[in-house]
Amino acid sequence: MTRSVYVTGIDRGDGRQVVELGVMELLTRQVDRVGVFRPLVHDGPDRLFDLLRTRYRLSQDASTVYGMDYHEASALQAEQGTDELVSRLVDRFHAVARSYEVVLVLGTDFAATQLPDELALNARLANEFGASVIPVVGGKGQPAESVRAEARNAFRAYDGLGCDVLAMVVNRVAAEDRESIAERLAARLPVPCYVLPDEPALAAPTVSQITHALGASVVLGDEAGLARDALDFVFGGAMLPNFLNALTPGCLVVTPGDRADLVIGALAAHSAGTPPIAGVLLTLNERPSEEILTLAARLAPGTPVISVPGNSFPTATELFALEGKLNAATPRKAETALGLFERHVDTADLLKRVSVARSGRVTPMMFEHELIEQARTDRRRVVLPEGTEERVLRAADVLLRRDVCDLTLLGDVETIRKKAADLGITLGETQLIDPQTSELRDAFAEKYAVLRAHKGVTVELAYDVVADVNYFGTLMVQEGLADGMVSGTVHSTAATIRPAFEIIKTKPEASIVSSVFFMCLADKVLVYGDCAVNPDPNAEQLADIAVQSAATAARFGVEPRIAMLSYSTGTSGSGADVDKVREATKLVRAERPELRIEGPIQYDAAVEPSVAATKLPDSEVAGQATVLIFPDLNTGNNTYKAVQRSAGAVAVGPVLQGLRKPVNDLSRGALVSDIVNTVAITAIQSQVQELPA
């Protein structure tokens with residue numbers, strides 16, 4: 001029977017979408033076929049399902065997601081009774097459940113539904129679906145004792161109606177009350193109760209949402225600017241000095257359109273980062289002159305300036321009634337929501353309680369989820385030398401919102417702050433360091449001069465070298481000021497890893513530094529090595545690459561079955577290239593007899609069971625290899641790119657191995673998701689017990 005989880009509530013305004021998104025994240029981490037069912041739906045777009053479909057790449061036909069709309073349900077219940085309503089919804093649920101391993105059910109929203117005893121209806125549907133229930137209670141604006149009482153009553157209500165209550169969630173409580181509420185409920189409820197504080201960034205509307213809600217016109221700004229959260233509203237009317245003192249980070253400035261001084265002052269403050277603002281809203285249908293707008297665009301490129309015809313008072317009334325919504329157009333809010341959920345919910349325990357068996361298939365999304373989860377278990381600090389690059393800043397935004405690791409960004413500090421402000425990114429407690437002016441530069445120069453004295457490097461020369469962001473970042477890792485480094489979006493592979501060779505150096509048991517790519521195919525993850533570092537390894541080096549790659553695979557949950565690739569399988573061929581692979585295979589077997597390895601073997605025999613049955617029928621690796629070792633860089637690099645492009649595989653890497661401390665390289669075409677994954681991998685690598693320098 002398909003497992004299902006029913007997320008429901010007791011009233012509107014509980015911010016339940018955070019929990020629904022968090023549960024979906026957990027389920028997709030375990031299985032690759034998750035369905036969604038919403039028994040009752042309002043007319044109009046379903047923002048949450050659109051978000052789930054986009055974020056989790058759901059292929060489910062939207063027409064199968066919904067049971068019926070509220071008007072139809074209300075009429076059916078009035079005419080034929082609750083039993084008939086439930087019967088039809090159960091039929092439609094099972095039509096979905098037949099196609100999926102697990103179904104997430106999104107309960108009714110208690111918003112103008114005209115359904116009597118809506119809580120009881122949710123409870124009955126959950127029971128008829130065979131679903132376990134997670135009730136959500138909203139606590140915004142309520143005293144702690146009221147929240148505790150409401151949570152206990154909600155549990156009793158669903159439990160008393162026969163529901164299998166997995167856990168309770170209390171959401172949107174005052175941050176200062178969270179711990180006391182959690183402690184009291186833990187002692188009073190027989191199931192776990194997770195308490196989430198109110199998160200202003202989730203309730204804050206984006207400038208784009210404000211523009212749409214007010215029917216405003218966009219005077220200036222780009223897509224990134226319109227995606228900023230409006231965390232506060234500051235109404236301009238005072239003289240400029242007093243007005244500037246009133247600005248707050250992330251505020252939307254509301255001012256009559258004829259106050260050019262306030263418009264320019266606000267944008268100048270944003271440009272200086274003191275503080276960064278969300279944008280400017282002009283009222284009275286007034287717009288500054290073209291000269292002022294030109295200056296505004298130069299002061300703060302991308303920062304939105306929008307205009308409405310009304311005056312400030314009715315505009316303010318509408319603004320204060322707006323609340324941000326999770327939807328496909330607000331991916332950063334989704335990251336914030338997931339970070340909130342994962343910080344305050346024991347996800348491992350909840351997943352255990354859901355008891356969904358892990359799928360035998362490993363999809364790219366499941367692998368990426370696992371990286372984030374592993375990185376978060378033992379928090380580390382990763383230094384990003386390319387701190388002024390947009391993709392790096394966007395990746396930092398995701399990592400911070402998901403609470404994956406601590407970050408250090410290198411570069412001109414004012415440039416980093418300005419670019420982050422222009423992108424609407426709040427860096428929070430992120431450490432910003434300019435190697436040119438850092439107080440660490442002198443000590444790093446002395447350290448580097450000692451390390452490279454045999455090459456004639458003096459302290460004076462070292463002083464110039466360590467100002468390079470990659471050298472500076474590598475020295476931070478070496479000195480324990482960061483746990484790992486990721487670079488390469490604008491630097492070559494050589495520029496990224498040369499400092500590591502010189503400063504961090506290889507582990508005693510590794511003869512060389514090599515690399516692997518995690519190739520995430522539709523139903524499994526393969527490890528390819530070495531596709532990025534060593535042009536033509538000899539037999540001993542190839543054996544080292546195989547051993548290192550097997551260890552890396554195991555560290556990231558891929559059971560290592562090693563295929564030493566060649567153009568020949570078994571004893572069918574000869575020649576220098578085949579002999580090198582054959583010798584490397586013998587060396588691995590002698591050094592690590594517990595490893596399962598086959599070689600030389602052709603790619604098709606390594607991964608395709610039907611071919612393996614013909615060519616190597618008795619091999620325990622052939623046809624099911626997970627770690628594929630290429631004989632040279634030419635073969636490996638071209639193969640990984642061919643598989644990536646032709647098979648639509650997600651290639652994560654290159655991940656460097658063999659160094660004493662983790663440093664990883666990025667492709668100069670790396671996407672934001674690539675950077676996020678590589679940072680997570682680097683954090684996980686650093687969680688392994690480090691060797692002394």
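In the predicted model, an open sheet is built from seven strands, arranged in the order S3-S2-S4-S1-S5-S6-S7 with parallel pairing. Its edges are formed by strand S3 (66–69) and strand S7 (193–197), each of which pairs on one side only. From one strand to the next, the twist averages 20°. At the S3 edge, strand S2 (residues 34–41) pairs with S3 in the parallel sense over three bridges. Within this pairing, Leu40 of S2 stands opposite Met68 in S3.

A further strand, S19 (residues 561–565), is mostly covered, five of its five residues being buried. Arg561, Ala563 and Leu565 point one way from S19, whereas Ile562 and Met564 point the other way; all are buried. Two pairings involve this strand. With strand S20 (residues 596–601), S19 pairs in the parallel sense over four bridges, and Leu565 is placed opposite Ile601 in S20. With strand S21 (residues 627–629), S19 again pairs in the parallel sense, here over three bridges; Met564 is placed opposite Ile629 in S21.

Two residues of S19 also figure prominently in the packing of nonpolar side chains. The largest nonpolar core comprises 61 residues, of which Phe518, Ile562, Met564 and Val679 touch the most other members. Helix H24 (residues 539–555) supplies the largest share of this core, namely eight residues. When residues up to four places away in sequence are not counted, Val679 touches Val382, Leu384, Leu399, Cys405, Leu407 and Val486. Apart from this core lies another, of 46 residues, which includes Met68, Tyr70, Val96 and Phe129. Met68 is thus both a member of that second core and the partner opposite Leu40 in the pairing of S2 with S3. In soluble globular proteins, nonpolar side chains tend to be buried together.

A polar residue in a covered position is provided by Thr489, located in the loop between strand S16 (484–487) and helix H23 (493–503). Thr489 has a relative accessible area of 2% and is therefore classed as buried, the cut-off being under 20%. Its side chain makes a polar contact of 2.8 Å with the side chain of Glu386. Leaving aside neighbours within four places in sequence, Thr489 is in contact with Glu386, Glu389, Arg391, Val392, Leu666, Ser667, Arg668 and Ile675.

Terms used
Residues are numbered from 1 along each chain as its sequence is written. This is a predicted model: local features need pLDDT of at least 70, side-chain atom pairs count only at pLDDT 80 or more; totals for chains, interfaces and linings use all residues. Side-chain values use heavy atoms; hydrogens and water are left out. Helices (H or I, at least four residues) and strands (E, at least two) are DSSP runs, numbered from the N terminus. Buried means under 20% relative accessible area, exposed over 50%, partly exposed in between (1.4 Å probe, protein chains only). A polar contact is a pair of N or O atoms within 3.5 Å; within protein, one must be able to donate a hydrogen and the other to accept it, and residues adjacent in sequence count only if both atoms are side-chain atoms. Contact means heavy atoms within 4.5 Å. Two strands pair if DSSP finds at least two bridges between them. Axes are lines fitted to C-alpha atoms, for helices over the stretch in contact, and angles run from 0 to 180 degrees between N-to-C directions. A nonpolar core is a set of buried Ala, Val, Leu, Ile, Met, Phe, Trp, Tyr and Cys residues joined through side-chain atoms within 4.5 Å.
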